[in-house]
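Reader: I should like to examine the structure shown here through a series of specific questions. Please reason briefly in each reply and end on the name or value requested.

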Amino acid sequence: MAQMAALIDENEDTRRFSDKAEVIRNAFNDKFYNSEKGIYSTGSNTAMAMPLALYIADEKNRKTIAANLAADIIAKDNSFTSGDVGYRFLLKALAMEGYSDLIYKMNNQTEKPGYGYQLKMGATALTEKWNADPGMFSSQNHFMLGQINEWFFHDLAGIGVAEDGSGAGFRHSIIKPMLAGNLEWVKGSYQSVSGLISTEWKREKDLFKLDISIPVNTEATVYVPSENELNIKESGMEAQKANGIKFVKYENGFAIYNVGSGIYHFDSKIAAKNN
């Protein structure tokens, strides 16, 4: 509500809703966060993920909470405990905190309930239950557990939108593809109200190639995975000297650029994957 009020210049409402949100956030953390253990409530996957995904957790505690969440999943041999309500938040929290590799491991397996297990059990559509059990009146065509689609588009393909006012109508998109597991390529597109946004990336040992298309009359911030800000090319030219591209900074393994509408071809060096 505070963000909505700010966009329409209702300053009094912006302050009022911001203050109320902060009171609620502090009360929630006081009640449910255990600072000694670094967990929320019971420490379940959903209890840990939702405060991260909804920006309730204090910034100073996010790394600890995310690490404990990931450790719990890894300790269970990459098995998760979230269901219909919590799974979307689990995926979002892990991706936000840089654990897309873990998301890949959680889902690219067939021995535990999950998407891979559903395929192993012969499912041709999403089932109502993780274990694809046809008994107990469970549906065999049920989109209830389809939240991984958001991760496919937002994190693997890397198509997102700026959260401030500039992103309305995808006028300012965020392109931030995440490398995960042994995936060698990902291709995706989204038909936004401003036009088609598309991405395609490939990794070949220590080389990363990213092709993107940004609609007319829009702009994008592009995150290119790279070992550093050097040796990054766009259409064969040094990226920082290419037309229509402005280098912003290098941060957390990404060279970040602002670009206008058009088609771009980035090449960079990344750490070679371990097979």
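Author: The exchange below concerns a predicted model and takes up its helix packing, its core, two threonines and two backbone angles.

Reader: How many of the residues of helix α6 are buried?

Author: Helix α6 spans residues 100-107 and is mostly covered. Its buried residues are S100, L102, I103, Y104, M106 and N107. Of the eight residues in the helix, the number buried is six.

Reader: Which helices are included in what covers the buried residues of α6?

Author: The contacts of two helices can be named individually. From α5, Y87, L90, L91, L94 and A95 meet S100, L102, I103, M106 and N107 of α6. From α8, I148, W151 and D155 meet S100, I103, Y104 and N107 of α6. The cover of the buried residues includes α4 (62-75), α5 (84-96), α7 (115-120) and α8 (148-156).

Reader: Is S100 buried or exposed?

Author: S100 belongs to helix α6. Beyond its neighbours within four places in sequence, S100 is in contact with L94, A95, W151, D155, M178, L179 and A180. Because its relative accessibility is 1% and the cut-off for burial is under 20%, S100 counts as buried.

Reader: What is the relation of α5 to α6, in terms of their packing angle?

Author: The axes of α5 and α6 are 7 Å apart, and the helices pack at an angle of about 140°. That angle makes α5 oblique to α6.

Reader: What is the handedness of the crossing of α6 and α8?

Author: The axes of α6 and α8 come within 12 Å and cross at roughly 140°. These two helices are therefore oblique to each other. The handedness of their crossing is left-handed.

Reader: Which residues of α5 are met by R62, L69 and I73 in α4?

Author: The axes of α4 and α5 come within 10 Å and cross at roughly 120°, and the two helices are therefore oblique to each other. Their crossing is left-handed. The residues of α5 met by R62, L69 and I73 are L90, L94 and M96.

Reader: In the largest nonpolar core, which residues touch the most other members?

Author: In soluble globular proteins, nonpolar side chains tend to be buried together. The largest nonpolar core of this model has 56 residues. The members that touch the most others are L90, V222, Y257, V259 and F266.

Reader: Which residues is V259 in contact with, leaving aside its neighbours within four places in sequence?

Author: V259 is one of the core residues that touch the most other members. Two others of that group, V222 and F266, are among its contacts. With sequence neighbours left aside, the full set is I214, E219, A220, V222, G244, I245, Y264 and F266.

Reader: Why does T221 count as buried?

Author: T221 is found in strand β7 (residues 207-225). Apart from neighbours within four places in sequence, T221 is in contact with H172, S173, I174, I175, I256, Y257 and N258. Burial requires under 20% relative accessible area, so T221 is buried because its value is 9%.

Reader: Which backbone oxygen does the side chain of T218 reach?

Author: T218 also lies in strand β7, and at 8% relative accessibility T218 counts as buried. Not counting residues up to four places away in sequence, T218 touches F170, R171, S194, G260 and S261. At 2.7 Å, its side chain reaches the backbone oxygen of P215.

Reader: How far apart in space are T218 and S261, C-alpha to C-alpha?

Author: S261 is one of the residues that T218 touches. The two are 43 residues apart in sequence. In space, the C-alpha to C-alpha distance is 5.6 Å.

Reader: What is the phi of S41?

Author: Most residues other than glycine have a negative phi. S41 is found in the loop between β2 (39-40) and α3 (45-53), and at 43% relative accessibility S41 counts as partly exposed. Although S41 is not a glycine, its phi is positive, at about 50°.

Reader: Where is N231, a residue other than glycine with a positive phi?

Author: Phi of N231 is near 55°. N231 is exposed, with a relative accessible area of 63%. Its place is in the loop between β7 and β8 (233-234).

Definitions and conventions: Residues are numbered from 1 along each chain as its sequence is written. This is a predicted model: local features need pLDDT of at least 70, side-chain atom pairs count only at pLDDT 80 or more; totals for chains, interfaces and linings use all residues. Side-chain values use heavy atoms; hydrogens and water are left out. Buried means under 20% relative accessible area, exposed over 50%, partly exposed in between (1.4 Å probe, protein chains only). Helices (H or I, at least four residues) and strands (E, at least two) are DSSP runs, numbered from the N terminus. Contact means heavy atoms within 4.5 Å. A nonpolar core is a set of buried Ala, Val, Leu, Ile, Met, Phe, Trp, Tyr and Cys residues joined through side-chain atoms within 4.5 Å. A polar contact is a pair of N or O atoms within 3.5 Å; within protein, one must be able to donate a hydrogen and the other to accept it, and residues adjacent in sequence count only if both atoms are side-chain atoms. Axes are lines fitted to C-alpha atoms, for helices over the stretch in contact, and angles run from 0 to 180 degrees between N-to-C directions. Angles under 35 degrees count as roughly parallel, over 145 as roughly antiparallel, 65 to 115 as roughly perpendicular and the rest as oblique. A crossing is left-handed if the near helix is turned anticlockwise from the far one by less than a right angle, and right-handed if clockwise.
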